[in-house]
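Dear colleague,

I am passing on the structure we spoke about, together with some notes for a first reading. Please have it open beside this message as you go through them.

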Amino acid sequence: MMKLAILPALAGILAATPALSQNRGPDAPLRQVAAATWAATIQPVSAGFVSGAQVYPYSEGTIFQAYAAPGLVTDITLQPGEALIAVASGDTARWVIGDTTSGSGETKQTHVLVKPYAGGLVTNLVITTDRRVYHVRLVSTSGTALSSMRWTYPQDELLALRRKAEAERAAVPVAAGLSVEQLHFNYEISGDRPGWRPLRAFDDGQKTYVEFPASLGASEAPPLFLIGVDKKAELVNYRLNGRFYVVDRIFDAAELRLGLKKQQVVRIQRVASPKQRRGA
């Protein structure tokens, strides 16, 4: 009797929550796929036109919609320097799809050209390159078509700005804004002579700078250890600025150590009487 009483209660819950009953239907996954696909698709907008070309901001996973028409060719233009790997289409029987290039060298561009045989067709393109994957939804109309479509690449532009900023920071002298009179060069460098052996060390009264040869970038950077009065070594926080280690303190003795079985050790020792000061 208890089981029979539960069944009407369950039916009442489903009736009161139609979304729950719909989500459990056999076509629920299809509706979810359709909704997700539509949500990921962006359409041409008037603000996105540059002359006759629709320009989309590229984003991975986005589906970009293009309109084509019989008798007209729609040009899908890739990023300059981007190499085409493959183009796959869901309907190769009713669409003409080809590719060509323009320009040369760094300005060389790939163009994927599409043309439908009739209006009212829908298919998709997957374009793979040496840089990314494009997903394009193709819709044919009776006479309206995009003459061309292309992309901007916000992530690439951001990376370029970051690289430029990093290069500008690296070009700034590590002791910029300090006068030579503020720098103390009373440090001795001794020990092994690996390719990364520092050229000099100096401080400005607050920070210590260890200058390496330009070849440091081509080799593994050695960690820096401070040597205490008890002769024990401990790692110290420092940052790499170009070919300088910058330590936010003054130390009396430190060692650069690299290797396990045959360790290379270079010692940096602050001496009591400053040597003749010279430029960094």
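What follows is a short account of what was found, going from the whole chain to a single residue.

Please keep in mind throughout that this is a predicted model. The protein chain has 280 residues, of which 31% are buried, and its secondary structure consists of four helices and 20 strands. Of the contacts made between residues at least 6 apart in sequence, 60% join residues at least 24 apart. The chain exposes about 17200 Å², and 56% of that area is supplied by carbon and sulfur atoms.

Turning to the interior, the largest nonpolar core has 20 residues, and those with the most contacts inside it are Ile 76, Leu 125, Ile 127, Val 136, Met 149 and Trp 151. The elements that contribute two or more residues to this core are strands S4 (63-68), S8 (109-116), S9 (122-129), S10 (133-140) and S11 (148-152). Leu 125 may be a useful place to begin looking: leaving aside neighbours within four places in sequence, its contacts include Ile 76, Val 87, Ile 97, Val 112, Val 114, Tyr 134, Val 136 and Leu 138. Apart from this core lies another, of 17 residues, which has Tyr 187, Tyr 245, Leu 258 and Ile 268 among its members.

There is also an open sheet to look at, in which five strands follow the order S12-S20-S19-S15-S16 with antiparallel pairing. Its edge strands are S12 (187-191) and S16 (233-235), each of which pairs on one side only, and the twist from one strand to the next averages 30 degrees. Five bridges join S12 to S20, and these two strands run antiparallel; across this pairing, Glu 188 stands opposite Gln 269 in S20.

Finally, a closer look at Gln 264, which is found in strand S20 (residues 264-270). Is Gln 264 buried, exposed or partly exposed? Its relative accessibility is 33%, and therefore Gln 264 counts as partly exposed. Not counting residues up to four places away in sequence, Gln 264 touches Asp 192, Pro 194, Trp 196, Leu 256, Arg 257 and Leu 258, and the last of these, Leu 258, is also among the residues of the 17-residue core. Gln 264 and Gly 191 are 73 residues apart in sequence, while their C-alpha atoms are 8.4 Å apart in space.

With best wishes

Note on methods
Residues numbered from 1 in each chain as written. Predicted model: local features only at pLDDT ≥ 70, side-chain atom pairs only at ≥ 80, totals over all residues. Heavy atoms only, no water. Buried < 20%, exposed > 50% of the residue type's maximum accessible area, 1.4 Å probe, protein only. Contact = heavy atoms within 4.5 Å. Core = buried A, V, L, I, M, F, W, Y, C linked by side-chain atoms within 4.5 Å. Pairing = 2+ DSSP bridges. Axes fitted to C-alpha atoms, helices over the stretch in contact; angles between N-to-C directions. Areas by Shrake-Rupley, 256 points an atom, 1.4 Å probe, with all protein chains shown as cover.
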